[in-house]
Structures are given as C-alpha cells and as structure tokens.
Amino acid sequence: MRVTRPGHSSCNGWERARWVILPSALPHIATGLRIASATALIVAVSAEILIGVDGIGKDIALARTAGAVDRMYALILASGALGITIHLIFSRLERHFLRWHESQRGTGR
C-alpha cells in the first residue's frame with residue numbers, strides 16, 4: 001500500500017479490508033463470539049430441558065423427575081464447567097489474536 005496524496009492510497013478493496021477494516025472490527029467480533037458462545041450453551045441446555053432433546057439438559061430433567069438430586073446437581077455443575085471452559089477458550093483466543101489491541105495489553109484501565 002503506497003500513499004500517493006493525503007487521504008488517498010493505492011490500495012485495492014482487499015488490501016483495505018485486510019489492513020484497515022478487519023483489524024478495527026476484530027475486537028468487536030471476538031467479544032461477540034465470546035458472548036454468543038455462552039448464550040448458545042444456555043439456550044441449548046434450556047431447550048433440551050423443555051423439549052426433551054437428547055443432551056445434558058434432558059439428563060438434568062430426567063434426574064430431577066427420578067428424584068436423583070445428586071445426579072441432577074452433578075449435571076448442573078458439569079454444564080457450568082463446560083460454560084467456564086468455553087469462556088476460557090474464547091478469552092485465550094481473544095488474548096492471542098488481539099495482543100496488539102489496547103484492551104489486551106493491561107494498560108491499567
């Protein structure tokens with residue numbers, strides 16, 4: 001990319017997207033993915049409980065119906081651990097790919 005005069009450059013659309021648009025949007029995309037992953041887990045487990053689709057939510061509902069309180073709470077803790085794990089994975093990916101961004105540098109804010 002070569003600047004020819006103030007306010008104009010010789011970059012094409014792909015270069016502009018790669019070097020200007022994507023880096024400025026990436027922090028928002030990463031935050032959206034992290035929040036969406038937690039929301040998706042909550043919705044999936046809730047739907048499994050309500051609809052009865054196979055999954056951890058259905059197992060929680062079956063344990064509650066059967067009176068297996070210890071199994072029910074173990075499954076609830078397992079779904080919570082899964083949520084924390086997903087959050088940590090997305091946080092580490094965000095920290096890795098956005099190490100250049102001020103939000104990841106620990107500037108004291």
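In this predicted model, isoleucine 89 is found in helix α3. Its relative accessibility is 47%, so isoleucine 89 counts as partly exposed. Along the chain, isoleucine 89 and arginine 34 are 55 residues apart. In space, their C-alpha atoms are separated by 8.9 Å.

Helix α3 covers residues 69-97, and helix α1 covers residues 13-51. Two packed helices are described by the angle between their axes and the distance between the axes. The axes of α1 and α3 come within 9 Å. They cross at roughly 170°. An angle over 145 degrees counts as roughly antiparallel. Helices α1 and α3 are therefore roughly antiparallel to each other.

Several residues form the contact between these two helices. From α1 come Leu26, Ala30, Thr31, Leu33, Arg34, Ser37 and Leu41. From α3 come Ser79, Leu82, Gly83, Ile86, His87, Phe90, Ser91, Glu94 and Phe97. Sorted by class, the contact of α1 with α3 has 8 nonpolar residues, 6 polar residues and 2 charged residues.

Alanine 30 belongs to helix α1. Its relative accessibility is 16%, and alanine 30 therefore counts as buried. The cut-off for buried is under 20%. With residues up to four places away in sequence left out, alanine 30 touches Glu94 and Leu98. Alanine 30 can also be compared with arginine 95. The two are 65 residues apart in sequence. From C-alpha to C-alpha, alanine 30 and arginine 95 are 9.5 Å apart in space.

Side chains of opposite charge can pair when their charged atoms come close. The whole structure contains 2 salt bridges. One joins glutamate 94 to arginine 34. The closest N and O atoms of this pair are 2.8 Å apart. Glutamate 94 lies in helix α3 and arginine 34 lies in helix α1, so the salt bridge ties together parts that are 60 residues apart in sequence. Glutamate 94 has 9% relative accessibility and counts as buried.

Another salt bridge links lysine 58 with aspartate 54. Here the closest N and O atoms are 3.1 Å apart. Lysine 58 has a relative accessible area of 26%, so lysine 58 is partly exposed. Aspartate 54 has 62% relative accessibility and counts as exposed.

The largest nonpolar core has 6 residues in all. Its members are Leu41, Val45, Ile60, Ala63, Met72 and Leu75. Helices α1, α2 (56-66) and α3 each supply at least two residues of this core. Leucine 75 is one of the core residues. Leaving out residues up to four places away in sequence, leucine 75 touches Ile56, Asp59 and Ile60.

The overall layout of the chain was then examined. Its secondary structure comes to 3 helices and 2 strands. Starting at the N terminus, the elements run β-β-α-α-α. The chain has 109 residues, of which 16% count as buried. Contacts with a separation of 6 or more were also sorted by distance along the chain. Residues 24 or more positions apart account for 33% of these contacts.

Key
Residues numbered from 1 in each chain as written. Predicted model: local features only at pLDDT ≥ 70, side-chain atom pairs only at ≥ 80, totals over all residues. Heavy atoms only, no water. Axes fitted to C-alpha atoms, helices over the stretch in contact; angles between N-to-C directions. Helix = DSSP H or I, 4+ residues; strand = E, 2+ residues; numbered from the N terminus. Parallel < 35°, antiparallel > 145°, perpendicular 65-115°, else oblique. Contact = heavy atoms within 4.5 Å. Nonpolar A, V, L, I, M, F, W, Y, C, P; charged D, E, K, R; others polar. Salt bridge = Lys/Arg side-chain N within 4 Å of Asp/Glu carboxyl O. Buried < 20%, exposed > 50% of the residue type's maximum accessible area, 1.4 Å probe, protein only. Core = buried A, V, L, I, M, F, W, Y, C linked by side-chain atoms within 4.5 Å.
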